[in-house]
Number of protein chains: 2
Amino acid sequence: MTKTAMPGFSPCNNATLRRAARKLGRFYDDVISPSGLKGTQYGLLYQIYVSNEPAMGTIAEAMVMDLSALGHTLKPLIRDGYVEAFADKDDRRVKRVRLTRQGLAKLDEATKLWSIAQQRFEAMVGKQRAADLRAMLDEVAALDYEAPAAALPG
Amino acid sequence: MTKTAMPGFSPCNNATLRRAARKLGRFYDDVISPSGLKGTQYGLLYQIYVSNEPAMGTIAEAMVMDLSALGHTLKPLIRDGYVEAFADKDDRRVKRVRLTRQGLAKLDEATKLWSIAQQRFEAMVGKQRAADLRAMLDEVAALDYEAPAAALPG
DNA sequence: CCACGAAAGTGGCATATGCCACTAATTGGA
DNA sequence: TCCAATTAGTGGCATATGCCACTTTCGTGG
């Protein structure tokens, strides 16, 4: 018993990943909160910003997120006037989104705060280790979890 | 442009972590779903199982989760009869929980499925790399994100 | 040109998480 | 002993995410 008893380590990759996500999420949220945005919302605004008036499906794919979930998450941002949606010219099924002037300003504001969180985190774990971690995570997010073709008998 | 355009890489550690969590979460959820449990619920049952009739606060700490969030997450499991709560003998503020007979059976059932997900994942990224990843994530979850003592003038 | 199946979103429902304001029970002094 | 500060949970409210059932559009083989 060193001090506060180590956290409940688990052999489950999923549980461990979620645990870390909760902790890191709260940290980024705290630092970014003065802007009124949550870390996830900041990430979404950023993704829209770096894309070219992306279709919702495009964003969902880039963020490895369910399309309907993206729709839900987008609502408060549209409601608050940071994002606006419009129909694609050629395919009326497609809905594209972009940042409004306010959204752009808010992104700027939040980016300053995000930088602080990012720097604080990387100062703690090390820039290189953070990069390594992201690489691992990107790999996990890109994996193809198809059923291992469990012997489909001819 | 190799094939499907790499996912929207982001320099944000938080966004990257969440993205991976979404993807891995869906994978574990899919595999575990025949039991009727979500991956998170499985993790919670497991945590309760390996603890000794833990107090809610104890679980919350181990899982690096907000106490009220834990309370919410616990509700469906109590409703479905997998977990039962009871007041601590010495401190009536404390609420302890334990698995019911059904909860134990469900945990057993789900563990078989979990093993499949766990093995499939580790077969893809490698057992050692998975262990390394968990180690990094445990470290992230254990970090002390206190304000960097930003010069509190005497 | 029309019926069909695929593609893109929407809405409803349920869980996952957090924060905040409260309530109840304890613990520490004065 | 009695009240103030602390501790443990609860409930309400809001966002984060997913799945499923639809609805609207497209794209196509007839």
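Begin by selecting A:Thr40 together with DNA strand D: a polar side-chain atom of A:Thr40 lies 2.3 Å from a phosphate oxygen of that strand. The model on display is a predicted one, and the tour starts with this strand before passing to the other strand and to the contact between the protein chains.

**DNA strand D**

Keep DNA strand D in view and add B:Gly57. Here a polar backbone atom of B:Gly57 stands 2.7 Å from a phosphate oxygen of the strand. Next, select B:Arg93, where the partner on DNA strand D is a base oxygen, 3.0 Å from a polar atom of the arginine side chain.

To see which elements frame these residues, colour H2 and helix H4 (67-79) of chain A, then helix H1 (13-32), helix H3 (56-62) and helix H4 (67-79) of chain B; these are the elements that contribute two or more residues to the surface near DNA strand D. H4(A) provides the largest share of that surface, with six residues.

Now widen the selection to the full surroundings of the strand. DNA strand D is surrounded by 27 residues, and the closest are A:Thr40, A:Ser68, A:Arg92, B:Gly57 and B:Lys95. Coloured by class, this surface shows seven nonpolar, eight polar and 12 charged residues. On the nucleic acid side, select the atoms of DNA strand D within 4 Å of the protein: 71% of them belong to sugar or phosphate, and the rest belong to bases.

**DNA strand C**

Move to DNA strand C and select B:Ser68. An N or O atom in the side chain of B:Ser68 is 2.3 Å from a base nitrogen of the strand. Then select B:His72, which places a polar side-chain atom 3.1 Å from a base oxygen of DNA strand C.

Return to B:Arg93, already visited beside DNA strand D. What does this residue approach on DNA strand C? A polar atom of the B:Arg93 side chain lies 3.3 Å from a sugar or linking oxygen of DNA strand C, in addition to its position 3.0 Å from a base oxygen of DNA strand D.

The elements to colour here are H1, helix H3 (56-62) and H4 of chain A, with helix H2 (39-50) and H4 of chain B, each of which supplies at least two residues of the surface near DNA strand C. The largest share, six residues, comes from H4(B).

There are 27 residues around DNA strand C, of which A:Gly57, A:Lys95, B:Thr40, B:Ser68 and B:Arg93 come nearest. By class, they divide into seven nonpolar, eight polar and 12 charged. Of the strand atoms within 4 Å of the protein, 70% belong to sugar or phosphate, with bases giving the rest.

**The contact between chain A and chain B**

Hide the DNA and display both protein chains. The contact draws 54 residues from chain A and 54 residues from chain B. About 5600 Å² is buried between the two chains, and carbon and sulfur atoms give 65% of this area. In chain A, select A:Asn13, A:Lys23 and A:Tyr145: these lose the most area to chain B, together 12% of what that side buries.

For the polar part of the interface, select A:Arg129 and B:Glu139. They form a salt bridge in which the closest N and O atoms are 2.4 Å apart. Four salt bridges are found across the interface, and 24 residue pairs are in polar contact.

Colour helix H1 (13-32), helix H2 (39-50), helix H5 (101-125) and helix H6 (127-142) of chain A, each of which supplies at least two residues of the side that touches chain B. H1(A) gives the largest share, 15 residues. By class, this side of chain A has 30 nonpolar, 10 polar and 14 charged residues.

**Relating the two copies**

Finally, superpose chain A on chain B. A turn of 180 degrees and a shift of 0.0 Å along the axis lay one on the other with an RMSD of 0.0 Å. The two copies are thus related as by a two-fold rotation axis. Of the interface residues of chain A, 100% are also interface residues in chain B, so the copies meet through the same surface.

How values were computed
Residues are numbered from 1 along each chain as its sequence is written. Chains are lettered from A and ligands numbered from 1 in the order in which they are written. This is a predicted model: local features need pLDDT of at least 70, side-chain atom pairs count only at pLDDT 80 or more; totals for chains, interfaces and linings use all residues. Side-chain values use heavy atoms; hydrogens and water are left out. Contact means heavy atoms within 4.5 Å. Buried area is the accessible area (1.4 Å probe) that two parts lose on being put together, summed over both. A salt bridge is a side-chain nitrogen of Lys or Arg within 4 Å of a carboxyl oxygen of Asp or Glu. A polar contact is a pair of N or O atoms within 3.5 Å; within protein, one must be able to donate a hydrogen and the other to accept it, and residues adjacent in sequence count only if both atoms are side-chain atoms. Helices (H or I, at least four residues) and strands (E, at least two) are DSSP runs, numbered from the N terminus. Ala, Val, Leu, Ile, Met, Phe, Trp, Tyr, Cys and Pro count as nonpolar, Asp, Glu, Lys and Arg as charged, and the others, Gly among them, as polar. A residue is near a molecule or strand if one of its heavy atoms lies within 4 Å of it. Copies are superposed by least squares on the C-alpha atoms of residues with pLDDT of at least 70 in both.
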